[in-house]
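Reader: Hello! I have a model open on my bench computer and would love a close look at a single part of it. Could you walk me through the central strand region and then show me how the rest relates to it?

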Amino acid sequence: MSKAFGLPLKLLGRKGETGYCNVQLGPEGLAGVYKLGEVPSGPLAASSSSESQYDEIMTDAWHRDSTQISCVVMLSDTSTMDGGETAIRIGDGSILKARGAKMGGAVLIQGAHLTHAALRATNAPERISMVTSFAFADTRLDDSGTSLRSVNLDHPNIAGWQNHFLLHKLRRLQENVNNAIAQVEADDAAHESPKRDEVEPWVEEQITLLKQTSWELFERYPNYLYKDIPENVVRDYLSHVWVIGTGIPTGERAWIDVVIGDIVLTRR
Ligand SMILES: [Fe+2]
């Protein structure tokens with residue numbers, strides 16, 4: 001998987017999302033899904049499919065994924081399929097249509113930041129794809145797309161989703177701290193001082209990671225499920241932490257983003 005993507009990946013493996021299937025409804029609707037067997041249905045003759053009340057409906061509406069990277073494996077015979085592409089809205093606002101994989105093949109998509117939709121496939125007896133989610137193995141790479149956005153409110157174990165999410169983020173933080181400690185020890189052995197242009201961006205990244213984690217746990221769920229995050233909301237979240245007993249002149253308000261070692265103040 002990592003070789004195909006070009007960077008080391010690791011399975012996200014959160015509850016309910018170790019792997020799931022998307023099934024496109026056909027003329028028989030939901031009842032037809034239960035008639036599908038283990039073996040993929042054979043291809044249709046050219047342009048022989050019957051019309052369906054679902055033909056005008058996108059298989060998957062415009063969205064961004066709640067995981068950083070997804071692997072979409074096609075389980076159906078696509079040899080006579082029309083449509084079924086993944087539509088991607090690119091930076092200039094135009095739409096790019098990317099053709100999906102053939103049966104047994106897969107597409108890796110970094111869908112957390114690209115708005116995309118699955119277009120409906122026609123002239124195929126079925127369209128079933130299986131999705132598995134991944135994160136970058138290198139914890140210094142972006143993980144802001146991994147969120148609780150798509151939690152199913154009817155899921156019997158919401159706490160399991162929340163705890164898995166929190167552990168996933170804390171382990172990334174732990175690895176980042178371990179890497180930073182190793183770097184500091186190496187610099188110390190070489191009698192080198194900490195470098196501002198390295199330490200400050202690192203601190204900001206960890207603050208962002210922590211803020212996103214807590215926002216997802218207590219604001220996303222349950223107030224912003226299935227929605228895009230408003231602009232700058234994570235950046236501004238928890239910006240009001242007030243430092244008490246730091247010798248700040250009376251009446252002067254001081255605020256910090258986070259305390260690591262010596263307190264770093266941001267005054268307003
Ligand atoms: Fe998606």
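Author: Happy to. One term comes before anything else: a nonpolar core is a set of buried Ala, Val, Leu, Ile, Met, Phe, Trp, Tyr and Cys residues joined through C-beta atoms within 7 Å. Here a residue is called buried if 20 or more other C-beta atoms lie within 10 Å of its own. Please keep in mind that this is a predicted model.

With that in hand, look for the largest nonpolar core, which has seven residues: L9, L12, I69, C71, F134, A135 and F136. Strands β4 and β11 each supply at least two of its residues, and β11 gives the most, with three. As a general point, nonpolar side chains tend to be buried together in soluble globular proteins.

So let us stay with strand β11, which covers residues 128-136. Three other strands can be followed from there. Strand β1, residues 9-11, runs antiparallel to β11 and is joined to it by three bridges. In that pairing, K10 stands opposite A135. Strand β2, residues 20-23, also pairs with β11 in the antiparallel sense, over four bridges. There the bridge partner of N22 is S129 of β11. Strand β4, residues 69-74, is antiparallel to β11 as well, with six bridges between the two. In this pairing I69 has F134 as its bridge partner, and both I69 and F134 belong to the core.

A135 is a good residue to click on, since it links several of these threads. It is one of the core residues, and it stands opposite K10 of β1. If you set aside its neighbours within four places in sequence, A135 is in contact with L9, K10, L12, Q68, I69, D143 and T146. Among these partners, L9, L12 and I69 are core members too. While you turn the strands around, a general rule may help: in a regular strand the side chains alternate between the two faces of the sheet.

Now step back to see where this part sits. The protein has five helices and 14 strands. Of its 268 residues, 17% count as buried. Among contacts between residues at least 6 apart in sequence, 77% join residues at least 24 apart. A single example of two residues brought together from separate places is H113 and G145: they are 32 residues apart along the chain, yet their C-alpha atoms are separated by 6.7 Å. H113 sits in the loop between β8 (106-109) and β9 (116-118). Apart from its neighbours within four places in sequence, H113 is in contact with R64 and G145. H113 counts as exposed because it has 11 C-beta neighbours inside 10 Å, and the cut-off for exposed is 12 or fewer.

Next, follow the chain past the strands to two helices. Helix α3, residues 158-189, has 32 residues; at 1.5 Å a residue it should span 46 Å, and its end C-alpha atoms are 47 Å apart, which agrees. The buried residues of α3 are F165, K169 and R172, and what covers them includes α4 (196-223). Helix α4 has 28 residues and reaches 38 Å from its first C-alpha to its last, close to the 40 Å expected. It bends by about 45° at E216. E216 is itself one of the buried residues of α4, along with Q212, T213, W215 and R220. What covers these residues includes α3 and α5 (233-236). A general reminder for reading such lists: an α-helix has 3.6 residues a turn, so residues three or four places apart point the same way.

Finally, there are some backbone details to check around these helices. In general, most residues other than glycine have a negative phi, and most peptide bonds are trans. H191, in the loop between α3 and α4, has a positive phi of about 60° although it is not a glycine. With 6 C-beta neighbours inside 10 Å, H191 counts as exposed. Y226, in the loop between α4 and α5, likewise has a positive phi, near 65°, and counts as exposed with 11 such neighbours. The peptide bond from Y221 to P222 is cis, with omega near 5°, and P222 lies in helix α4.

Notes. Residues numbered from 1 in each chain as written. Predicted model: local features only at pLDDT ≥ 70, side-chain atom pairs only at ≥ 80, totals over all residues. Pairing = 2+ DSSP bridges. Contact = placed C-beta atoms within 7 Å. Expected span 1.5 Å × (residues − 1). Bend = angle between axes of the 7 residues up to and from the residue.
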